[in-house]
Structure formats: structure tokens, C-alpha cells
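These are my notebook entries on one structure. I looked up pockets, nonpolar cores and a few single residues, in the order recorded below.

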Amino acid sequence: MELLLILVMGLLYAGGIYFILRRSMVKLLLGIMLLGSATNILIFVLGAIVKAKPPIIGSMHEVLDNSFADPVPQALILTAIVISFALTAFAIVLLKRVYALLETDDLDNLNTPEEEDI
Amino acid sequence: MIGNLILAPVFIHLVIAVLQLTAWRKTLTQRILSVGGALAALITAISLFTHVYNNGTVTVNASNWQAPFGIVFVADLLGSTMVLLTSIAGFAVSLFSATGLSRQRMLYGYFPIFHFLLMGLNGAFLTGDIFNLYVWFEVIIISSFVLMTLGGRKTQLEGALKYMSMNILASMFFLTGIGILYGMTGSLNMADLATKMNDVQNRSLVGITSIFFILGFGIKSAVFPLYFWLPSSYHTPPSAVAATFGGLLTKVGIYAMLRVHSLIFVPDDFTKKLLMVIAVLTILTGSFGAITKTNIRRLFSYLIVCHIGFMMGGIAMFTKVALMGTVFYLIHDIMVKTNMFLIAGVIMQQRGAMSIEKLGGLYKEYPKISLLIAVVLFSLVGIPPLSGFWPKIFLFKESFATHQYFFIAALIIGSLVTLYVIAKLWAEVFWKDTPPGIQVDNKFEAFPFYRKLLLVLPIGILALVTVYIGLNAEAIIQVAERISDELLDTSSYINAVFKN
């Protein structure tokens with residue numbers, strides 16, 4: 001399980017880095033999204049994965065015993081997902097506006113000289 | 001009770017922003033709320049600072065969870081100083097925005113977002129939890145994206161795209177670092193991490209993790225190979241927005257670097273050398289960039305980069321005197337850089353242009369305002385009694401003591417170029433007559449007196465603070481000395497968090 005996740009994570013990082021090095025704005029965004037997912041999986045793997053051991057204290061016990069799934073990384077990932085959702089939504093709208101104004105997808109064309117109002 | 005005081009600077013801005021959202025499209029209500037809220041935040045920040053200065057570090061546990069398990073907010077001297085500076089700058093920018101911004105931008109929610117940004121900044125300075133710091137960073141960047149794109153001009157959107165992609169990438173590096181840190185130690189509390197880091201066996205992994213943090217904070221604070229987003233985006237938004245960005249956002253990166261490197265990754269020789277190389281190259285590239293620019297705001301953007309290098313150099317040496325220099329420079333830089341962009345805003349209102357070829361004759365027309373601006377420019381350059389001069393003494397002294405001769409050369413070049421650029425600016429914009437054939441679009445002259453006052457008053461307030469820092473340098477040096485002591489010996493921070 002861990003090995004599989006690590007392989008997926010590596011693929012996502014590789015794909016993300018490949019995409020952000022491209023010139024297209026859409027691919028830049030896709031790359032950033034892939035990197036975000038890769039980071040989430042990284043945090044998940046680092047929280048030590050155990051199978052079917054929820055962190056619930058039984059009625060007989062005072063504290064958790066044996067090994068159990070660490071809930072903190074999952075809380076972290078949840079937060080990170082929500083944040084990256086908001087950022088991605090904003091980024092898509094921004095890309096759409098830039099595309100509507102410039103009619104180009106090429107990042108190298110984003111160099112309109114200063115027009116000087118305000 | 002004192003715990004509530006720590007969170008007050010955060011919550012005041014939150015409440016103000018929510019109230020302003022209910023007053024959507026009522027710009028007058030929003031303006032009054034904004035100035036009033038910023039003033040209230042300033043007063044609480046002053047009382048928090050005096051409390052921390054007199055009684056030492058204070059903490060509050062969120063929902064009363066004990067220290068390493070819950071989120072803890074810590075107001076140590078560095079954090080509360082930063083909150084105080086943010087509040088002063090926030091108050092000045094809020095006053096300036098009340099008249100210095102087009103009505104369209106106010107209608108589409110400039111003020112609520114501005115207060116969310118200030119909330120994020122205060123939260124970042126006060127939190128004692130590394131993941132919480134990440135969340136505050138996200139609050140800051142998403143507010144700054146909105147502020148940067150508000151108005152929707154072509155150049156603005158282009159700048160925002162570069163700004164956005166680099167900042168999201170920086171957050172990703174930061175988050176990756178946090179993930180590995182949690183995997184190594186099982187903790188997110190910075191004080192707890194400080195005690196647990198020494199027990200980690202795999203030192204090379206610690207080194208790699210610290211590189212993730214340097215990358216993340218390096219992009220945010222705009223250091224040498226990672227700064228290109230800054231000069232290509234900071235000149236695009238309106239001046240009030242640029243003032244907040246230029247004064248505060250890059251300095252959050254420096255603050256985070258100071259915090260993380262003092263508590264979690266105490267710099268070893270490799271990190272010190274790396275940071276020093278970065279610092280020298282940042283100063284050089286920033287100053288060379290500033291020479292070539294003729295647009296005032298682009299020029300200021302490069303000066304931001306150049307002066308970030310001064311602070312990085314102090315962190316790179318990581319001795320008491322060097323950190324004093326960094327902290328003092330940070331205090332000076334937030335005040336002056338905010339003011340520089342506000343000045344650019346006033347020049348924009350008076351002349352309708354930002355390129356120095358099209359500007360001129362300001363001294364003849366507005367001698368009093370020009371003299372006020374001169375004070376700010378002098379302190380940026382570091383003319384002796386003013387604020388820019390004192391931190392440089394510490395940086396020079398310590399780089400001689402630690403034999404960092406490249407850094408001394410960079411400091412001299414950086415200061416000289418700042419002097420040259422500012423002298424050029426003064427001669428071209430203020431002393432030179434308006435070039436013939438240029439149509440001057442002077443909106444400022446037609447303003448009623450109260451609007452002129454509201455535009456110039458924030459510059460006056462910040463200039464006054466700058467003069468105070470310069471003339472009463474002894475008090476600031478004492479604060480800087482205590483902060484650098486706390487940074488080098490973190491036991492007071494750790495004890496305050498764990499309450500023992």
C-alpha cells in the first residue's frame with residue numbers, strides 16, 4: 001500500500017513539474033494542481049499508514065493502545081484540500097479573464113507595456 | 001484576560017471585514033469602518049506591545065487545549081513588534097485608501113479584502129503552530145490575489161498571474177516541508193518542534209527539509225533566484241495596494257525565516273553559507289535592476305529586492321549583532337517601503353504619470369509636500385540621524401567581525417546604488433521642470449482640502465515614525481537587542497508556551 005502511494009506521489013510530482021515548465025497557462029495551472037495532490041499524498045504517507053485501526057478509545061480504556069491511524073495528517077490534508085480548492089477556483093477565473101483579454105495561452109505573451117492609469 | 005488581548009489584533013480586522021461585507025456598495029460606511037477599525041487595531045497593538053515589553057512573552061491556547069496538542073498563539077517581542085508595525089502601516093494605508101482609490105474598486109470590495117489581509121498578517125505574526133502559520137499565509141495570499149486583480153486592467157491581470165503561480169508554488173514547498181517535519185517529529189507546535197529537532201537521527205533529512213522552508217519563504221520574501229515575480233507584478237495594482245504589498249508582504253517571509261531558523265532549524269555552516277550567497281546576489285541584482293528602471297514604482301520594486309538582501313545577510317551571519325541589524329532594518333523597512341508607494345500614489349494623483357521622463361517640477365509646485373517626501377527618501381538612503389543609518393552600522397560591524405567581505409562589498413554597492421537612484425529620482429521628479437510637450441493631468445489640485453489632507457497625512461504619520469526611529473534609535477536598539485537575544489536563546493519562548 002505504502003509503496004503504491006509513493007509511486008503515485010512520485011508520478012504526480014514528476015507530472016506536475018513537467019507541466020509547470022511548459023509555456024501554456026492551462027498546463028501551468030494543471031501542474032500546480034498535480035503538485036498540490038502530490039504534497040497531500042506525501043503528508044498522508046508520512047503519517048504512517050496502518051490498516052483498520054481508527055483512533056477511537058474503547059469504553060474500557062483510558063488511552064489509545066497499540067498502533068492506530070494518526071488523525072492529524074488527515075486533518076492537515078483536509079485543510080490543504082479546502083485551501084487549494086479556493087485557490088484553484090480563483091486561478092481558473094483569472095486565467096479565463098487573461099485569455100479573454102489577450103486571446104493567447106502562451107505565458108511569453110504576458111508582457112504588455114505599462115499603460116499608466118491610476 | 002491577557003489572552004484575549006493577543007487575539008484582539010486578529011479579531012478586530014475580522015469583525016471589521018465582516019461588518020463591511022454587510023455594508024456592500026456603501027462606500028462611505030466602509031471607509032469610516034476601515035479607518036476606525038485600523039485605529040482600534042493600532043491601539044490594541046500598542047497595548048499588546050507594551051504588555052509584552054514589560055512582562056515578557058504571553059501565550060493563549062485555542063479552546064484551552066494544552067500546548068503541544070492544540071493551536072497556541074504566542075506574542076513574543078518579535079511577534080508583537082511586527083503586529084505593531086503592521087498596525088501602523090495598516091492605519092496609514094487605510095487613511096490613504098479612503099480618498100486615494102477609485103470608487104469602482106471600493107464598490108467591488110476593496111476594504112473588506114484589505115482587512116482580511118491585515119488579519120492574515122497579524123495571525124501569521126502571532127501563531128505558534130507551524131501548520132497554522134501555513135493557513136495564515138494562505139489567508140494572506142488569497143486576499144492579496146484579489147487586491148492585485150481588483151480593477152481588472154490588462155497589466156494587472158498579467159502581473160497577478162505571475163504573482164499567483166509563484167506564490168502558490170511557494171506555499172506548496174512550505175506545505176511539503178511541514179509534512180516531512182511532522183513525519184520526523186510528530187509535532188506541529190513550533191516550541192515543541194524546537195525541543196524535538198535535536199533528537200532526530202537522520203540529519204541529512206533535516207537539512208533537506210530546511211531547504212524546503214528556505215525555498216518557500218525565499219519565494220515569498222523575494223530573494224535572488226526567486227524574486228522575478230515581484231518587479232513584474234508590484235507596479236501594476238493601485239498605489240494603496242502596492243504600499244501594503246511592498247511594506248508588509250515580503251517582510252512576512254523574512255519574519256517566517258527568522259522564526260523557523262531560530263526555533264526549528266538553527267543554521268549550520270552550510271545554511272549560513274547558502275543564505276550569505278543568496279543575500280549578496282539579492283543585493284547586487286536588486287540594485288542593478290533599480291538602476292535601469294525609469295518607472296518609479298518598478299524602481300521601488302527593485303529597491304525592495306535589494307534591501308531584502310540586507311536582512312538576509314543578517315540572518316546568514318546569525319550572531320547577536322547581525323540579528324539586531326536585521327530586526328532594526330525590518331522595523332525601518334516596513335515603515336519606509338509602505339511610505340514610498342504611498343508617495344508614488346500622491347505623485348500619480350499630481351501628475352498622472354509614473355515614468356520619470358514625464359515627471360518634473362514637483363518641488364516648485366508643492367514645496368512643503370516635497371520636503372516631507374525628502375525626509376522619507378533620506379531615511380531610505382540612510383543619511384545619519386535617520387532610521388536607515390543605524391541598522392547598517394550593526395551589519396557592517398558584524399560582517400567585519402565574521403570576515404564576510406563579499407557581504408561588505410554588496411552592502412556598500414547596495415547603499416551606493418540606493419543613494420544614486422534616489423538622487424536621480426529627486427533631481428528628475430522634483431527639481432527638474434516639467435518636460436516641454438507633456439500634458440500634465442493634475443487631479444490633486446482640484447481636490448477639496450480634506451482629500452488633500454487625507455492623501456498627505458498618512459505619509460506624514462509614517463515619516464514621523466521614521467524620524468522617531470532615527471532620533472530615538474537607542475530605544476529601538478534596546479528592542480532589537482532583546483529580540484535578537486530571544487532569537488538566539490529560545491528557552492524563554494519554549495517556557496512560555498509550555499507554561500513552566
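**Entry 1: a proline in a helix**

Which residues is B:Pro458 in contact with, leaving aside its neighbours within four places in sequence? I noted B:Ala92, B:Leu95, B:Phe96, B:Leu342 and B:Leu453. I keep in mind that this is a predicted model. B:Pro458 itself is found in helix α18 of chain B. Its relative accessibility is 0%, under the 20% cut-off, so B:Pro458 counts as buried. I then looked up a residue far away along the chain: B:Asn339 is 119 residues apart from B:Pro458 in sequence, and their C-alpha atoms are separated by 8.1 Å.

**Entry 2: a threonine in α10 of chain B**

I turned to B:Thr244, whose place is in helix α10 (residues 239–263) of chain B. Is B:Thr244 buried or exposed? With a relative accessible area of 2%, B:Thr244 is buried. Apart from neighbours within four places in sequence, I found B:Thr244 in contact with B:Val93, B:Phe114, B:Leu117 and B:Leu249.

**Entry 3: positive phi values in two loops**

I looked up two residues other than glycine that have a positive phi. For B:Ala222, phi is near 60 degrees. B:Ala222 lies in the loop that joins α9 (203–221) to α10 of chain B. Its relative accessible area is 0%, and I therefore list B:Ala222 as buried.

For B:Phe318, phi is near 50 degrees, again a positive value in a residue other than glycine. I placed B:Phe318 in the loop between α12 (296–317) and α13 of chain B. B:Phe318 has a relative accessible area of 11% and is buried, because the cut-off for that class is under 20%.

**Entry 4: the nonpolar cores**

In soluble globular proteins, nonpolar side chains tend to be buried together. I therefore asked how many residues the largest nonpolar core has, and which have the most contacts inside it. The count is 209 residues, and those with the most contacts inside the core are B:Tyr110, B:Ile130 and B:Ile296. Helix α13 (residues 320–351) of chain B supplies the largest share of this core, 20 residues.

I followed B:Ile130 further. Not counting residues up to four places away in sequence, B:Ile130 touches B:Phe174, B:Ile178, B:Leu188, B:Met190, B:Leu193, B:Phe213, B:Val260 and B:Ile264. Another core, of 8 residues, lies apart from the largest one; A:Met9, A:Ala38, A:Leu42 and A:Val45 are among them.

**Entry 5: the largest pocket**

Rolling a probe the size of a water molecule over the atoms shows where empty space is left. What volume does the largest pocket have? I recorded about 600 Å³. The lining of this pocket is made of 25 residues, and A:Val72, B:Pro68, B:Phe69, B:Gly70 and B:Leu188 lie nearest its centre. I note that α3 (71–102) of chain A, together with α6 (130–149) and α8 (190–196) of chain B, are the elements that give two or more residues to the lining. The largest share, 5 residues, comes from α3(A). By class, I entered 15 nonpolar, 6 polar and 4 charged residues for the lining of the largest pocket.

**Entry 6: the second largest pocket**

The second largest pocket holds about 400 Å³ of space. I found 16 residues lining it, with B:Phe49, B:Leu84, B:Ile88, B:Tyr468 and B:Ile476 closest to its centre. The elements that give two or more residues to this lining are α2 (27–55), α3 (77–100), α18 (449–471) and α19 (473–488) of chain B. Among the contributors, α2(B) gives the most, with 5 residues. How do the residues of this lining divide by class? I entered 14 nonpolar, 2 polar and no charged residues for the second largest pocket.

**Entry 7: chain A**

I closed with chain A, which averages a pLDDT of 85, with 95% of the residues scoring at least 70. Among the elements of chain A, the lowest mean pLDDT (91) belongs to α3(A) and the highest (93) to helix α1 (residues 2–20).

In helix α3 of chain A I looked up A:Ala75. Its relative accessible area is 42%, so A:Ala75 is partly exposed. A:Ala75 and A:Ile41 are 34 residues apart in sequence, and I recorded 13 Å between them in space, C-alpha to C-alpha.

Terms used:
Residues are numbered from 1 along each chain as its sequence is written. Chains are lettered from A and ligands numbered from 1 in the order in which they are written. This is a predicted model: local features need pLDDT of at least 70, side-chain atom pairs count only at pLDDT 80 or more; totals for chains, interfaces and linings use all residues. Side-chain values use heavy atoms; hydrogens and water are left out. On a 1 Å grid over the protein atoms alone, a cavity is a set of points where a 1.4 Å probe fits but cannot get out, and a pocket is an open set with protein on both sides within 12 Å along at least five of seven lines; lining residues have an atom within 4 Å of a point. Grid points are joined across faces, edges and corners, and a volume is the space filled by probe spheres set on the points. Helices (H or I, at least four residues) and strands (E, at least two) are DSSP runs, numbered from the N terminus. Ala, Val, Leu, Ile, Met, Phe, Trp, Tyr, Cys and Pro count as nonpolar, Asp, Glu, Lys and Arg as charged, and the others, Gly among them, as polar. A nonpolar core is a set of buried Ala, Val, Leu, Ile, Met, Phe, Trp, Tyr and Cys residues joined through side-chain atoms within 4.5 Å. Buried means under 20% relative accessible area, exposed over 50%, partly exposed in between (1.4 Å probe, protein chains only). Contact means heavy atoms within 4.5 Å. pLDDT is the predictor's confidence in each residue, from 0 to 100.
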